Amino acid sequence: MASSTGALDAPGAAPTPPSNDQHKADNKTTTGATASNVSLTDDAVGDAPINPLNLEDDDATYKLIRRKVDLRLCTIAGILCSLNLLDSGVLSSAAVTTMLSDLGLDVGNRFSISIFIFTISSIVFQLPSTIAVRLLGPRIWFSVITFLFGLITLLTGFVKTWQQMIALRILLGAAMAGIFPGLAYLISTWYPRQEQQLRFAFMQSGEVIILATGSLGMCTCVIGIVTYWWMVDFPENSDKSFRFLTREEADIVAGRIEKDRGDVIAQKFSVMEVLKHAKDLKIWAFACLFFMQNIVSTALAYFVPIILQNGLGYSSDAAIILSAPPYYYAIVPVLLSSWYADRFRIRGPVITFNATCLITGFAVLGFAGNSGARYFGVFLATGAYVANWAALTAYQANNVVGQWKRVFTAAACTMFNGAGGIAGSFIVRNLEAPHYTTAVWVSIGSHLLMISLVGLLTAHFYFANRSLRRTGKILEQTEGFRFTY
């Protein structure tokens, strides 16, 4: 199958990065005329010199280094994501116990408000928290926020009123705000574009740890401390990480990234250097895709136990147990679809396929008369959602250049993701049991819109790439860059 972009060639055939003058004018990155002449300047973030080796002769070495990065970075990223979902989803399991009535969360819309307020808090802190990953370093920032949200989760076991629970949900949202956008940003800095979706899939697959982890808060606090040594720094400084890469190995990785898109080095931080990227409309298109995505995911994460109990007639214990298998199953579609997408260097068609599977899953869940068939619909919808999270994250990461633009895009997408969560927290209505018509139709409609928007972006990227071939127009202010679709 032909690639949908000319930018994802083998490393030895990658386009020449832009000149120093071009990068200084854009105030993004600093690179020489070739990837073997890269160095930090006084304006750049970080202090490690980069002198990439002759990468055309280092394929075998690079594969060994990539395996080390996969094992170190993707494992801790998956664990942090799973703990994030564990601690934020405490109320989902509690919804089928007596906790809601004990705290008075079953009165009016208090339960939905507790979900809503967590999301609002998370949205507010996502951009600052993602910026902190770059400024303070991944090792420090991820260890601090992981410890904090573990501690806050522990404290939820001691609340006596619904007001105290709401207050802790606000603090929890703030502490956890940087996990998803920060990890998505960090992983995108480590891999060439044709390798990213499978790595996002590795991270997303960590969700299944949710189902096997106990003692949530304490476990998270301990892992927060361990994260300081387990987490890795950005490629140009990765030799400083605990027992990780040598300086030479870090140079090889940095050189590959520089050849792929020329944005290894970030310029000195300023608010305007980040916010200027708000003028790029495609970033908001990506963000809208995440909004449509998370309308569904929030419904699944928070209300599947309720659907299983009220809609399918299972006991509260069985509802919690039966919420787990769909997430185990989701590992299969996310890994297979991501491997295929990276292998053939495509993004839009995979997103469309996953969205179609999710539409089918919700149609079965909403309209089938047999309980077994409806439970199968939960499997199909959950697998499609998890697979599309990795696909959408790779889609946005593949089509922006520059460290601060990556920070802004990751944060914007996660903020809209949270806004979708606000909508999703209100679409499952107990009065509509057992078919939950509103949730079904909103979920189907959001993914029909997703397919349409991906089609528009694909057309835009196609014509932009064709314009580059015909006129030599520079895309993303980076010579040789082409969009991936």
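Here is a short chat about a predicted model of a protein chain.

Visitor: How many helices and how many strands does the chain have?
Guide: Have a look at the secondary structure first. It's helices throughout the count, with nothing in the strand column. The tally is 19 helices and zero strands.

Visitor: In which helix is confidence lowest, and in which is it highest?
Guide: Across the chain, pLDDT averages 81, and 80% of the residues score at least 70. Over residues 1-57, though, pLDDT stays under 50. Helix 1 (residues 20-26) falls in that stretch and has the lowest mean, 38. At the other end, with 95, sits helix 8 (residues 179-190).

Visitor: What share of the residues in the chain is buried?
Guide: A residue counts as buried when its relative accessible area is under 20%. The chain has 485 residues to sort that way. Buried ones make up 59%.

Visitor: What span is expected for helix 6, at 1.5 Å a residue?
Guide: Helix 6 covers residues 138-155, so that's 18 residues, and the rule is 1.5 Å times one less than that number. From first C-alpha to last, the helix reaches 26 Å in the model, close to expectation. The expected span is 26 Å.

Visitor: Is Arg406 buried or exposed?
Guide: You'll find Arg406 in helix 18 (residues 403-424). Its relative accessible area is 3%, and the cut-off for buried is under 20%. So Arg406 is buried.

Visitor: Which backbone oxygens does the side chain of Arg406 reach, at 2.9 Å and at 3.2 Å?
Guide: Leaving aside neighbours within four places in sequence, Arg406 is in contact with Tyr185, Ser188, Arg261, Asp263, Ala397 and Val400. Two of those names come up again when you follow the side chain to backbone oxygens. At 2.9 Å the side chain of Arg406 reaches the one of Ala397, and at 3.2 Å the one of Val400.

Visitor: How far apart in space are Phe408 and Leu127, C-alpha to C-alpha?
Guide: Phe408 is in helix 18 too, and it's buried, with a relative accessible area of 5%. Its contacts beyond four places in sequence include Leu127, Val274 and Trp284. Along the sequence, Phe408 and Leu127 are 281 residues apart. In space, their C-alpha atoms are separated by 6.8 Å.

Visitor: What share of the contacts with a separation of 6 or more joins residues 24 or more positions apart?
Guide: Phe408 and Leu127 are one such pair, being in contact and 281 residues apart in sequence. For the chain, pairs 24 or more positions apart account for 81%.

Notes. Residues are numbered from 1 along each chain as its sequence is written. Side-chain values use heavy atoms; hydrogens and water are left out. Helices (H or I, at least four residues) and strands (E, at least two) are DSSP runs, numbered from the N terminus. Buried means under 20% relative accessible area, exposed over 50%, partly exposed in between (1.4 Å probe, protein chains only). Contact means heavy atoms within 4.5 Å. A polar contact is a pair of N or O atoms within 3.5 Å; within protein, one must be able to donate a hydrogen and the other to accept it, and residues adjacent in sequence count only if both atoms are side-chain atoms. pLDDT is the predictor's confidence in each residue, from 0 to 100.
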